[in-house]
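User: I would like to go through the backbone of a model and learn how to read its unusual peptide bonds and phi angles. Please take one feature at a time.

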Amino acid sequence: MAAEIVNPRSENADQTGREGGAEPLDSFDFDPVFALHRGGKMAVQATVPVRDKDDLSLAYTPGVARVCTAIAEQPDLVNDYTWKSSVVAVVTDGTAVLGLGDIGPEASLPVMEGKAILFKQFGGVDAVPIALACTDVDEIIETVVRLAPSFGGVNLEDISAPRCFEIERRLQEALDIPVFHDDQHGTAIVTLAALRNAARLSGRGIGELRAVISGAGAAGVAIAKMLVEAGIGDVAVTDRKGIVSADRADLTDVKRELAGFTNKAGLTGSLEDALAGADVFIGVSGGTVPEEAVASMAKGAFVFAMANPTPEVHPDVAHKYAAVVATGRSDFPNQINNVLAFPGIFAGALQVRASRITEGMKIAAAEALAGVVGEDLAADYVIPSPFDERVAPAVTAAVAAAARAEGVARR
C-alpha cells in the first residue's frame with residue numbers, strides 16, 4: 001500500500017498520520033506542482049573551487065584557521081570573510097502560512113524555500129529557510145538570537161498575530177542586524193506605492209484621501225501605520241467586530257494602540273458604515289464585501305482587495321464603481337505582491353550593513369517602487385510587475401541611501 005500524506009494536525013489523523021481519503025504519495029508526481037517541488041527548490045553551492053589538496057588547504061584546514069583567528073581578534077571581519085553580510089534567515093513557526101493557517105513548521109517549508117529563491121532571483125540575496133518547532137514567543141526570540149551570528153538579516157515569515165508584533169520588536173531590540181516581518185511591512189510598502197500612484201493618476205495627494213482597511217492583523221496594522229506615516233488624510237481599520245475605535249472595550253493592546261492613531265473622524269459601526277463615502281478600500285482579511293457597500297464609496301474610489309485566492313471584492317464588481325482596482329493575484333492587473341519589496345529592501349540594507357530597517361527606509365522603498373511606473377501610469381498600471389528588472393535596483397538604491405541618511409548604515 002502506498003504511503004499517504006495528511007495534515008498531521010488534523011483531528012481525523014491517526015497515530016500514523018494517515019487520514020481517510022488522503023492522496024497516495026506516488027500519485028503526486030502527476031501534478032506539475034508536486035513534480036517541481038520533488039527534492040526541494042534550492043540547494044547550497046560552493047563559490048570557490050576545491051579541486052586538489054592546495055585548494056583544500058586554503059578553503060579548509062590549515063588555511064581557514066588564519067581567517068578564524070583574525071575574526072576572533074577583529075569580529076567585524078566576519079562580514080568580509082564569510083557569507084554573513086550577504087545572507088538572510090527566513091524564519092517561521094508555521095502558524096500563519098499563506099491562507100492555510102497553522103499548519104506547522106514542516107508543512108511551511110515549501111513556502112520558506114519559495115521565499116528564499118525569490119530573494120535570490122529578484123534581489124541577488126542568499127537566504128536560508130528556518131522552520132522552528134516552537135510557537136512560544138520567548139522560545140522563538142531566544143532561538144533566533146542564538147542563530148543570529150550566522151546571518152546578516154532576519155526575515156520573519158508567516159507568524160501569527162498578535163505574537164508577530166512582539167517577536168519582531170524584541171528581536172530588533174536584541175540584535176544589531178535588520179529584522180523585518182514581511183507579512184507586515186512588505187505588504188504595507190507595496191500598498192503605499194500603489195496608492196501613491198493611484199492618487200497621482202486621479203490628481204490628488206494622499207493627504208486628501210480617507211481609507212478603510214478590512215483586517216486588523218499583521219498586514220492591516222502595518223499598512224495603517226505606514227499610511228499615517230505617509231500623511232494619509234484619515235484611515236479607519238475594521239476587524240470582525242467592526243471599526244477599531246477607542247470606545248471599544250474589547251481591544252487588545254495592539255488594537256488599542258491602533259485606535260490611538262487612526263480613525264480621526266471617530267467613526268463607529270461596521271465595515272459597511274466605514275466605507276460610505278470612503279476614497280480607498282484596502283482588504284487584507286478575506287471574506288466578501290457587499291456590492292452595495294462598494295457602491296457607497298466616493299466617486300473615483302480605489303479598491304485594493306488583496307485576499308488570496310478570492311479577493312474581498314471581485315474585480316468585475318470593483319470596476320463598476322472604482323477608478324483603480326488592485327488585487328493580490330497575478331492574473332489581474334495591479335498585483336500587490338511582496339516580492340516587489342523584500343528582495344530590494346534586504347539587498348539595500350545588507351549593502352550598507354544597516355543595523356535595522358527604519359520607517360524612513362520603508363517609505364523610501366515605497367517611493368522608489370512607485371517611481372518605477374513613471375510616465376506609463378494608467379488605471380491598470382499603478383504598480384510594476386515583479387519581473388520588471390528596474391524594480392530591485394531602484395528599491396535597493398533607495399533603501400541604502402535612506403539607511404545612510406538615517407544613520408543606521410555601517411559602511
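Analyst: What follows covers cis peptide bonds and positive phi angles in this predicted model.

User: Which peptide bond that leads into Pro162 is cis or trans, and what is its omega?

Analyst: Read omega for the bond. From Ala161 to Pro162 the peptide bond is cis, and omega is near 5 degrees. Pro162 sits in the loop that runs between strand E3 (153-156) and helix H7 (163-174).

User: What is the omega of the bond between Asn308 and Pro309?

Analyst: Omega is about 0 degrees there, and the bond joining Asn308 and Pro309 is cis. As for its place, Pro309 belongs to the loop between strand E9 (301-305) and helix H13 (315-321).

User: Now phi. What is the sign of phi at Asp158?

Analyst: Look at the sign together with the residue type. Asp158 is not a glycine, yet its phi is positive, about 55 degrees. Asp158 is in the loop between E3 and H7.

User: Is Asp158 buried or exposed?

Analyst: Compare the relative accessible area with the cut-off: buried means under 20%. Asp158 has a relative accessible area of 3%, so Asp158 is buried.

User: Where is Asn334, and what is its phi?

Analyst: Asn334 lies in the loop between strand E10 (322-327) and helix H14 (342-351). Its phi is positive, about 60 degrees, although Asn334 is not a glycine.

User: Why does Asn334 count as buried?

Analyst: The relative accessible area of Asn334 is 5%, and the cut-off for buried is under 20%.

Methods: Residues numbered from 1 in each chain as written. Predicted model: local features only at pLDDT ≥ 70, side-chain atom pairs only at ≥ 80, totals over all residues. Heavy atoms only, no water. Helix = DSSP H or I, 4+ residues; strand = E, 2+ residues; numbered from the N terminus. Buried < 20%, exposed > 50% of the residue type's maximum accessible area, 1.4 Å probe, protein only.
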